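Visitor: I'm new to this one. Could you show me how to read a few of its features?

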There are 2 protein chains.
Amino acid sequence: MAVTQRSAKTVWNGDLASGSGTLNGGSGAISDLGVTWAARTEESGGKTSPEELIASAHSSCYAMAFSNVLSGAGHAPDSLEVTATVDLEPNPDGGVMVTRSALNVVGKVSGLSEDQFAEYAKQGEQGCPISNLIRNGAKIELSASLK
Amino acid sequence: MAVTQRSAKTVWNGDLASGSGTLNGGSGAISDLGVTWAARTEESGGKTSPEELIASAHSSCYAMAFSNVLSGAGHAPDSLEVTATVDLEPNPDGGVMVTRSALNVVGKVSGLSEDQFAEYAKQGEQGCPISNLIRNGAKIELSASLK
């Protein structure tokens, strides 16, 4: 596998409190989603947010990673229901920070005890690329220009 | 602000190579999006992926953080176009890993030189909660049970 790149674009107008943005993913699956600070930190009002998008990434990635561990052990899952819940909290140094992503998985898998399932679940978490991003980080680059 | 929680759920059926998942976000804005390993690592075929979702989170969060820095300096932006591009690469230790998120911002802002804009762009990046998640990490929790 070569490097796979995926991108997304947000167009934002105005300041943080009264402004708003529109998000599009490069694949087309995420299309013209509205984002605001109020919907991010108060009631969502049907709008997504950076934290919901992190939860979406973590949930979908962990489902793949865990399915791979289980099928490697001869127990491909009938189903895995993976919920990720992401916390955004005030940062003692100012602003806000993401403090936690909690994964919950409920599986329908033949031939495993609860203990075996839980052990494979941990292996899946260790191999999950988004878990490892949250654990180990990645490089951030920035380029900026005026229109 | 109290702790804000946002969640998402993926239901996955089957093994990694031939299985597939369906993703829903708690807000309702992300609804029944399909995910597969092939769409994640080869052509997207109109499907989102964990990496596109990370790019979406980073892009939308950075737009908010930068707008806040600019308006705090008296230069609320007419528009910020923020693209995030996330790289997924083979991991030398096996599997794959997220190695980079590259932000590009093009702004329409009155009264700033290119140098001033670039300096505020860096300040925005330092304050962006998703940048700080990628930089500093967060706690991961896991619970697993069989149906």
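Visitor: How far is the sulfur of A:Cys128 from the closest cysteine sulfur, and which residue holds that one?

Guide: Start with the general idea: a disulfide is a covalent bond between the sulfur atoms of two cysteines. Keep in mind that this is a predicted model. Here the closest cysteine sulfur to that of A:Cys128 belongs to A:Cys61, and the gap is 3.5 Å, too far for a bond. The cut-off for a disulfide is 2.5 Å.

Visitor: What about B:Cys61, how far away is its nearest cysteine sulfur?

Guide: That sulfur sits in B:Cys128, 3.5 Å away, and B:Cys61 is in no disulfide. Over all chains, the disulfide count is 0.

Visitor: Are these cysteines buried or exposed?

Guide: A:Cys128 is buried, at 0% relative accessibility. B:Cys61 is buried too, with a relative accessible area of 1%.

Visitor: Which residues have the most contacts inside the largest nonpolar core?

Guide: They are A:Leu80, A:Phe117, A:Ile130, B:Leu80, B:Phe117 and B:Ile130, in a core of 74 residues. Take A:Phe117: leaving out residues up to four places away in sequence, its contacts include A:Phe66, A:Leu70 and A:Leu80 in chain A, and also B:Ala144, B:Ser145 and B:Leu146 in chain B.

Visitor: How are chains A and B related?

Guide: Try laying one copy over the other. A rotation of 180 degrees, with 0.0 Å of shift along the axis, superposes chain A on chain B with an RMSD of 0.0 Å. The two copies are therefore related as by a two-fold rotation axis.

Visitor: Through which surface do the copies meet?

Guide: Through the same surface, because 100% of the interface residues of chain A are also interface residues in chain B.

Note on methods:
Residues are numbered from 1 along each chain as its sequence is written. Chains are lettered from A and ligands numbered from 1 in the order in which they are written. This is a predicted model: local features need pLDDT of at least 70, side-chain atom pairs count only at pLDDT 80 or more; totals for chains, interfaces and linings use all residues. Side-chain values use heavy atoms; hydrogens and water are left out. Copies are superposed by least squares on the C-alpha atoms of residues with pLDDT of at least 70 in both. Contact means heavy atoms within 4.5 Å. Buried means under 20% relative accessible area, exposed over 50%, partly exposed in between (1.4 Å probe, protein chains only). A nonpolar core is a set of buried Ala, Val, Leu, Ile, Met, Phe, Trp, Tyr and Cys residues joined through side-chain atoms within 4.5 Å.
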